[in-house]
Amino acid sequence: MLIIANWKAYVDQARRAKELAANAKRLASRSRHTLILAPSSPHLGLFPKAGKRNFQFAAQDVSEKSGGASTGEVPASLLRELGVGYVILGHSERRALGETDAEIAAKTKQAFAAGLTPILCIGERERDEDARYVQVLRNELAAVLDVLSPKERAKVVISYEPIWAIGKSARDAITPADLKEMVLYIRKILAQHVSKVTANKIRIVYGGSVEPDNIRELAKEGGVDGFLIGHASVDPKTFSALVKELS
Ligand code: PGA
């Protein structure tokens, strides 16, 4: 499984970043899962060339431009040079700041051009009774998949993160049964963009209040290929507990 630790802006000291990374590296050396840490960009520079086997780094965003006159932007090639392997794109906290589907699509292209694997976040704000939330997922997926080549489509990691479940606690997260249903929906949508065989192989992870209390059930019954973990990933003890629950 993929265990993606999205540190968001929780970790603001290099000392803490190093401590968390050392802990995760130890966990990875004893785990069959792939651990992917996503610190704030400046902290990626603390671990140059660090990405190895099942212990990898991700950026939390990337520029939609390839470099040049773009003040404040971090181009994908720079991340790649640091040994970063993945990039989280379209997180709801970035979409809330105004990031559009077109920008996310452009960022995905940049990521692939530099050899990074995009982790594309999709998710509905609320679960309405008319199931309009399925259309939200359809639109968010189409906006990105439509600009990708068939090979690229097969490589994207999809992170399903219903906004209503983010930043709460295990009891507010999705239930394993609902997650299973959503993963099936997402695979159905994917099959409109790639072959059925590929749609079944694309990695889908879940994010939204994953904690030691619910990760095992979600893994067992949710039909996912891993998790994107926010608040529970920035405490070494809790993160260790999460990884142990999956072993
Ligand atoms: P959370 O964040 O684990 O803090 O809910 C998850 C996410 O941002 O997807």
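A polar contact is a pair of N or O atoms within 3.5 Å. In this predicted model, Glu 161 offers a good place to start: an N or O atom in its side chain is 2.5 Å from an oxygen atom of the ligand. That distance falls within 3.5 Å, so the pair counts as a polar contact. Two histidines can be described in a similar way. A polar side-chain atom of His 91 lies 2.7 Å from an oxygen atom of the ligand, and for His 231 the separation between a side-chain N or O atom and a ligand oxygen is 2.6 Å. How much of the ligand does the protein bury? Taken alone, the ligand exposes 280 Å², and the protein buries 100% of that.

The surroundings of the ligand can be read along the chain. Lys 8, His 91 and Glu 161 are among the residues around the ligand, as are Ile 166 and Gly 167. Further along come Gly 207, Gly 208 and Ser 209, and then the run of Leu 228, Ile 229, Gly 230 and His 231. As for the space that the ligand takes up, this is the largest cavity.

Attention now turns to the strands. Strand β6 covers residues 157-160, and its side chains point in two directions: Val 157 and Ser 159 go one way, while Ile 158 and Tyr 160 go the other. Are these four residues buried or exposed? All of them are buried. Strand β6 has a partner in β5 (residues 117-122), to which it is joined by 4 bridges, and the two strands run parallel. Within this pairing, Tyr 160 of β6 has Ile 122 standing opposite. Strand β6 is also joined to β7 (residues 204-207), this time by 3 bridges and again with the strands running parallel. Here the residue opposite Tyr 160 is Tyr 206. Tyr 160 can therefore be followed into both pairings, with Ile 122 opposite in one and Tyr 206 opposite in the other.

Ile 122 also leads to a helix. Leu 137 is found in helix α6, and its C-alpha atom is 6.2 Å from that of Ile 122, although 15 residues separate the two along the chain. Leu 137 has a relative accessible area of 0%, so it is buried. The loop between β5 and α6 (132-145) holds Ala 131. This residue is not a glycine, yet it has a positive phi of about 60°. Ala 131 counts as partly exposed because its relative accessibility is 32%.

A positive phi appears in Ser 209 as well, with a value near 55° in a residue other than glycine. Ser 209 belongs to the loop between β7 and α10 and is one of the residues surrounding the ligand. With a relative accessible area of 5%, Ser 209 is buried. Asn 214 is found in the loop between β7 and α10 (215-221) too. Its relative accessibility is 8%, so Asn 214 counts as buried. Between the C-alpha atoms of Asn 214 and Leu 242 there are 9.2 Å in space, and the two residues are 28 apart in sequence.

Finally, what is the setting of Pro 150? Pro 150 lies in helix α7, which spans residues 150-155. Because its relative accessibility is 63%, Pro 150 counts as exposed. Pro 150 and Ala 102 are 48 residues apart in sequence, and their C-alpha atoms are 19 Å apart in space.

Definitions and conventions. Residues are numbered from 1 along each chain as its sequence is written. This is a predicted model: local features need pLDDT of at least 70, side-chain atom pairs count only at pLDDT 80 or more; totals for chains, interfaces and linings use all residues. Side-chain values use heavy atoms; hydrogens and water are left out. Buried means under 20% relative accessible area, exposed over 50%, partly exposed in between (1.4 Å probe, protein chains only). A residue is near a molecule or strand if one of its heavy atoms lies within 4 Å of it. A polar contact is a pair of N or O atoms within 3.5 Å; within protein, one must be able to donate a hydrogen and the other to accept it, and residues adjacent in sequence count only if both atoms are side-chain atoms. Accessible areas come from the Shrake-Rupley method with a 1.4 Å probe; for residues, only the protein chains shown count as cover. On a 1 Å grid over the protein atoms alone, a cavity is a set of points where a 1.4 Å probe fits but cannot get out, and a pocket is an open set with protein on both sides within 12 Å along at least five of seven lines; lining residues have an atom within 4 Å of a point. A molecule sits in a cavity or pocket if more than half of its atoms lie within 2 Å of its grid points.
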